[in-house]
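Here are a few notes to read alongside the model. They go through salt bridges, a surface patch and the spaces inside.

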Amino acid sequence: NSKKEADLNVAQARMRDLDAQLNAKEADLATALNEKRSLENDVHELKAQVVTLELSLEDTKKHLHSEMLRRVELENHMKTLQEQMTFQKRLHEDELKETKRVHESRVAEIESGRQREFESKLSDVLQGLRKQHEEQIQGYKEELERTFSAKMENAQISAARSADLANAAQEELMQTKQRIDILTAQANQYQSQNAALENKIRELQETLDYDRELHRRRMAEKEKEMAQAQQQTQAQLEEYENLLDVKLALDLEINTYRKMLEGEEQRLKLSPSPSSHSITTQATSQGRRFLHGKKRKMKEAKKRGHSVGFKTVQHASSSGNVSIEEIDADGKFVRLKNNSDEDQPLHGWVLRRHLGSVSDVTYKFPSLFTLQAGQVVTIWGAAAGVSPGPSDLVWKSQKSWGTGGDIGVTLITDDGEELAERKIMHIPRGEDSGEQDDDYEEVTGSEMEFPPQQNEDPSCSIM
């Protein structure tokens, strides 16, 4: 049994180590999840920036396209003006030729007498017309040149602006592409890191599940072995007690027969054998020594249980899956147990302590704490001086749960429901003196002795 208890302590220590590792892995998992969320937020922000830059690039492309269209339109308009000027020049030349031809035909028809006068007048008219046409053509040329030069300057300025905008847009586009490539590489790297972390989390979870299952199996095997060992120990104790009872009965029966033999020897006036007397005395002393030893052990146990002048009474009640199993009389700890087959989260639950006339104080469980199925949790005071394990919590704001005549602890859920309660009360022993203590049983030597026979039947004598 001690070996099994040692194995059980080792298994419990292993369980606490595994629970500590589980808490550490859960903390690492929470850290990895937080990093994953931050990286996802960064990726979302980078995607939003990429969308904004793409919209800006599209606007720049549209502006460049519109500027190029305007340039083409100006060039087409300039070509159109040049063609119009050429056409008008040709038209004026045709009109001049037609006028010359008409005048020549008219001059041919006029009489030869008036030919000179007509030629002089015609020449004057022709010169005036030629000057007029030349002045008009020169005005048209100057106007066309001014318009063309102005439009060319505007077109060159617009083209320069468009070229600058196009260069700036190209540079911004290149920078945007570079940033997009960098952000894409970072996103791929973060995705690979996230996948690696998820694989690691999955492996840790599988390892943890395997360890939990192995631990549960080992604990079940240990419990079965302990139950078998306890059963065997109980059976051996019962067999030993039966053998002791049989031995005592046999010793007492032998003592009775020895007394009967001594009475017959005295009646027949025979000398008693010294061996029988010594054996009888030895058996009687052994029986009385065993009985007195048992009575002394019981008295010592009673003295240990009733050494103080007060009796400690505990009252416990529970209406749910979690109960208050124990309150330390010295105020070091309070122990809870989950009596169900399901895990119970204790977020928002509190323990309220009542201590005589002192105002009540409450202990609030951590937000992520969960009491496993069939497990216990111990809440220690700050002055208990223990190193907390996976199934231990420390009340840092209170040094102790308190000591005194009346101590009460109530478990309250997050909805304000009182789920369990346990009280410790010290009652003076004079108040329950009439009650009998069933924990101990006294056996006196007089109850096991047989009374001497006054009237013996000779027929029953053993010679």
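1. A word on exposure before anything else: a residue is called buried under 20% relative accessible area, exposed over 50%, and partly exposed in between (1.4 Å probe, protein chains only). By that scale K247, at 42% relative accessibility, is partly exposed. Its partner below, D251, is buried at 15%.

2. Some ground rules. This is a predicted model, where local features need pLDDT of at least 70 and side-chain atom pairs count only at pLDDT 80 or more, while totals for chains, interfaces and linings use all residues. Residues are numbered from 1 along each chain as its sequence is written, and side-chain values use heavy atoms, with hydrogens and water left out.

3. Back to K247 and D251: their side chains form a salt bridge, 3.1 Å from N to O (the term needs a side-chain nitrogen of Lys or Arg within 4 Å of a carboxyl oxygen of Asp or Glu). Both sit in helix α2, four residues apart, about one turn of the helix. Helices here are DSSP runs (H or I, at least four residues), strands are runs of E of at least two, and both are numbered from the N terminus.

4. How many salt bridges does the structure hold? There are twelve, and two of them deserve a look in helix α1. E98 pairs with R101, the closest N and O atoms being 2.1 Å apart, and these two are three residues apart in α1. E75 pairs with R71 at 3.5 Å, with their positions four residues apart in the numbering, about one turn of the helix.

5. Are those α1 partners buried or exposed? Each falls in the middle class: E98 is partly exposed at 38% and R101 at 47%. E75 is partly exposed at 36%, and R71 at 46%.

6. Helix α2 runs over residues 115-267 and includes V246. Together with L250 and I254, V246 makes a nonpolar surface patch of about 250 Å². To join a patch, a residue needs over 30% relative accessible area and no salt bridge; nonpolar side chains (Val, Leu, Ile, Met, Phe, Trp, Tyr) are joined within 5 Å, like charges within 9 Å. The areas come from the Shrake-Rupley method with a 1.4 Å probe, and for residues only the protein chains shown count as cover. V246 itself is partly exposed, at 46%.

7. Next, the spaces. On a 1 Å grid over the protein atoms alone, a cavity is a set of points where a 1.4 Å probe fits but cannot get out; a pocket is an open set with protein on both sides within 12 Å along at least five of seven lines; lining residues have an atom within 4 Å of a point. Points are joined across faces, edges and corners, and a volume is the space filled by probe spheres set on them.

8. The largest pocket has a volume of about 1400 Å³. Of its 39 lining residues, M15, D19, Q372, Q375 and S391 are the closest to the centre. Helix α1 gives the largest share of the lining, eleven residues.

9. One cavity reaches 30 Å³ or more, and the largest cavity holds about 50 Å³. Its lining consists of L53, S56, L57, T60, A169, E172, L173 and T176, with α1 (2-109) and α2 each giving two or more residues.
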